[in-house]
Amino acid sequence: MTDFDAEFSAGNPEGIQLPLMSLREVVMFPRSIVPLFVGREASIKAIDSAIEHYGKTIFLVAQREPELEKPGPEDVFPVGTVSKILQILRLPDGTIKVLFEGLYRARWTGGELSVESGDSAYPVVTVDPLDDDGDAGPEADALVRATHEALEEYSKTNKKLAQEALAAILSLTSPGKLADAVMPHLKVEYRKKQEVLENTDPASRLEAVFEMLQGEIAISSMEKRIKNRVKNQMERNQREYYLNEQIKAIHKEMGREDDPQAEVNDLEEQLKAKDMPDEAREKALRELKKLRQMPPSSAEYTVVRNYVDWIIDLPWNALKETTIDIEEARRTLDNDHYGLEKPKERILEYLAVQKLVKKLKGPILCLVGPPGVGKTSLARSVATATGREFVRLSLGGVRDEAEIRGHRRTYVGALPGKILQSLKRVKFNNPLFCLDEIDKMSTDFRGDPSSALLEVLDPEQNGTFGDHYLDLDYDLSQIFFITTANSLHSIPLPLQDRMEIIRLPGYLETEKRRIARDFLLPKQIEQHGLKPENVRLSDNALLDIIRSYTREAGVRNLEREIATICRKSAMQLVEKDDMDRAVTVSRQNLGFLGVKKYRYGEKENQPQVGVSTGLAWTELGGELLLVETAIMPGTGKVSITGKLGDVMTESAKAALSYVRSRSDMFGLRPDFHKEIDIHVHVPEGATPKDGPSAGITLATSLVSALLGVPVSDELAMTGEITLRGRVLPIGGLREKLLAAHRGHITKVLIPRDNEKDLKEVPDEILKGLTVVPVDHVDDVLPHALLAEADAIFNGMEGHTPLSCSLRKGAEVPASTPQ
């Protein structure tokens with residue numbers, strides 16, 4: 001036995017010298033067995049010396065700083081563990097694996113480390129054992145029991161604690177020994193373990209260990225939950241991967257190479273590359289996330305896929321480059337449309353303002369006019385002049401609000417509204433949008449589409465247009481909206497308030513001839529495969545076609561008749577196999593168009609009593625309107641016929657009241673109306689007629705019949721009448737003067753307030769017409785009746801017996817021949 005063995009066998013000797021080996025981040029506890037790999041030369045030398053000279057006993061102490069390669073006296077803790085070397089294994093790389101058993105805690109003394117000389121110096125220190133202080137009491141026993149329970153719970157989460165080791169630890173009842181046995185199994189920082197090692201109070205030491213044990217239990221439980229969650233996620237991902245691979249194999253066997261996940265990935269790439277608002281992109285990505293988790297065979301998959309496709313296909317921020325050249329726009333409008341000077345001028349003003357302000361903020365244009373005058377084609381020309389895509393949306397017959405706002409996605413087959421559908425088709429967010437026939441919309445139980453248009457056509461609101469299908473705000477403020485309508489009375493006032501009304505009047509005969517000659521005839525010749533020299537259409541024939549074969553404000557039917565001429569001409573040329581000859585069409589050979597369809601108004605051949613000529617306005621243009629009045633013996637009954645509207649009927653009553661109120665001036669008895677029946681008739685009884693502008697015509701016809709004075713057949717008149725005989729202004733003067741010109745009238749009486757409107761009437765119409773402004777019916781009668789003014793207003797003799805019988809002092813005959 002060596003001297004050391006004899007000294008150690010006496011118990012825990014004080015002041016013995018032992019080799020010291022410093023440990024990195026490891027604290028050795030008594031009664032614990034720990035394997036360690038040793039690589040430092042000083043540590044290997046200390047182990048070899050302990051085996052040779054110290055009975056395999058060595059002093060193990062932890063370093064304060066683990067990274068130090070050669071620690072000094074101040075770099076190691078003052079308390080360590082005297083340990084026994086149980087087993088040693090030398091490895092090929094020069095390191096050794098050593099199995100240590102802790103014997104007891106000790107404090108090294110001597111102030112400094114004693115270091116043996118040599119190439120591989122190792123420290124030798126003097127160590128003094130540390131004994132536990134105090135005795136265990138009832139509190140310590142309770143702490144032991146609590147530690148046993150906590151250790152059993154800890155063993156359930158920490159599978160590295162073997163059952164044999166657990167049983168051995170649970171058999172310990174001493175607080176100090178229990179703390180030393182539990183501490184090596186806890187995964188806590190080595191500095192905390194060092195604090196427990198240096199604590200000589202068993203109860204305090206066990207309490208610290210119990211606290212750490214509770215923390216480890218909480219951490220272990222959390223780690224277990226995290227591991228289970230990660231494991232489940234990995235299993236799910238592996239399962240999905242496996243199933244996806246199976247699906248790919250199945251698709252490949254069935255000849256379908258399309259992979260749903262590949263499609264979703266492609267959609268995601270398109271979304272990220274698309275220039276769109278962040279809100280739309282985020283919502284589409286959320287929908288894609290749903291799409292990944294759906295089987296392609298489900299019905300919901302198709303719904304979500306269509307929704308994402310719509311978001312991708314819409315031109316959110318895609319703007320086509322546009323230029324506004326006023327001169328070029330003027331040339332384009334003039335080349336495409338003859339006349340319409342005021343509408344074209346207003347459109348050019350609109351474009352000029354847009355060019356200056358660099359934005360579209362402004363009123364929505366509404367082109368109002370009869371059918372066939374070129375409203376839609378005018379909008380198309382504006383699109384061409386500004387370089388915008390042209391979109392036409394017909395609103396005729398639209399009853400469903402969803403046509404504008406779209407359907408919600410909860411409905412089967414839901415789609416966005418027509419606005420967004422059209423934008424998807426043109427692929428730009430700044431086209432020219434023509435909302436055609438906006439006055440033809442109607443309302444039913446499915447909503448009011450005109451109310452939905454309020455948001456579309458309001459420049460203050462359409463920047464955040466809400467479509468029910470998208471459920472996102474869409475910017476319509478870059479769109480150039482133009483609407484068209486035939487009349488305004490069916491358009492709601494709030495909608496009218498959002499638009500600037502531009503009226504397009506019907507074409508005059510002179511304009512129709514110019515349009516037919518310069519636009520329609522060349523177009524139809526080209527469409528029928530003819531040459532310009534194959535068809536010769538005389539001016540008289542063209543005028544006869546306009547008057548006798550068409551009755552319209554526009555030129556659609558005129559174009560159809562010209563197309564008929566071209567077809568007939570083509571047939572003649574093909575039959576004779578002579579494409580170089582010309583087919584001449586004159587008034588004499590217009591018979592191949594069939595019998596004349598219409599009869600245009602012409603003046604009477606001679607002056608007649610009770611028959612006056614008025615001027616009427618219709619959507620198809622101006623017309624001559626004859627008013628006939630017959631006087632018969634009777635009881636004061638008044639008949640008004642000719643399918644007259646309420647307003648025109650009231651005008652006839654007002655005219656009769658005016659005549660009765662002026663009976664003294666006309667030389668009539670005050671009670672003349674009680675002994676006669678008056679019948680006022682407006683021919684063409686099947687045609688509805690209404691409006692107040694026939695007032696002076698009705699009054700003239702009544703006075704003529706009552707006085708027996710004929711009305712000039714060279715004169716026509718228009719104007720509203722009041723009970724006092726004042727003549728009020730009317731509308732449609734341009735078309736009415738055209739009807740007078742066409743009917744060979746030489747003089748026209750108009751209200752004086754309409755004199756300013758003569759500036760808008762072409763000189764071709766005014767040529768040959770004498771226009772006389774009047775203020776009162778008293779001014780009308782001298783021009784209209786073929787009699788002197790004194791004779792009209794002061795009584796006359798020598799006329800029809802009935803008329804004379806109504807004079808003052810005359811007696812009514814028993815019968816009056818008619």
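## Model confidence

What pLDDT does the protein chain average, and what percentage of the residues score at least 70? In this predicted model, the chain averages a pLDDT of 82, and 91% of the residues score at least 70.

Two stretches fall below 50. Residues 1-11 have a pLDDT below 50, and this stretch has 14 contacts in the model beyond near neighbours in sequence. Over residues 807-818 the pLDDT likewise stays under 50, and here the model has 25 contacts beyond four places in sequence.

## Cysteines

The structure holds zero disulfides. A disulfide is a covalent bond between the sulfur atoms of two cysteines. For C434, the closest cysteine sulfur belongs to C366 and lies 10 Å away, which is too far for a bond; the cut-off for a disulfide is a pair of cysteine sulfur atoms within 2.5 Å.

C434 is buried, its relative accessible area being 0%. C566 also counts as buried, with a relative accessibility of 0%.

## Salt bridges involving helix α9

The structure holds 36 salt bridges. One of them joins the side chains of D278 and R281, with an N to O distance of 3.5 Å. Both residues belong to helix α9, which covers residues 278-292, and they are three residues apart, about one turn of the helix. The two partners differ in accessibility: D278 is exposed, with a relative accessible area of 54%, whereas R281 counts as buried at 18%, because buried means under 20%.

A salt bridge also links the side chains of E287 and R409, at 3.6 Å from N to O. E287 lies in helix α9, while R409 lies in the loop between α14 (402-405) and α15 (418-426), so this pair ties together parts that are 122 residues apart in sequence. E287 counts as buried, at 5% relative accessibility. R409, at 26% relative accessibility, counts as partly exposed.

## Further salt bridges

K440 and E437 form another salt bridge, in which the closest N and O atoms are 3.0 Å apart. K440 counts as partly exposed, at 34% relative accessibility, and E437 counts as partly exposed at 22%.

Salt bridges can also share partners: in this way R31, R105, D180 and R205 are joined into one network.

Technical notes: Residues are numbered from 1 along each chain as its sequence is written. This is a predicted model: local features need pLDDT of at least 70, side-chain atom pairs count only at pLDDT 80 or more; totals for chains, interfaces and linings use all residues. Side-chain values use heavy atoms; hydrogens and water are left out. Buried means under 20% relative accessible area, exposed over 50%, partly exposed in between (1.4 Å probe, protein chains only). pLDDT is the predictor's confidence in each residue, from 0 to 100. Contact means heavy atoms within 4.5 Å. A salt bridge is a side-chain nitrogen of Lys or Arg within 4 Å of a carboxyl oxygen of Asp or Glu. Helices (H or I, at least four residues) and strands (E, at least two) are DSSP runs, numbered from the N terminus.
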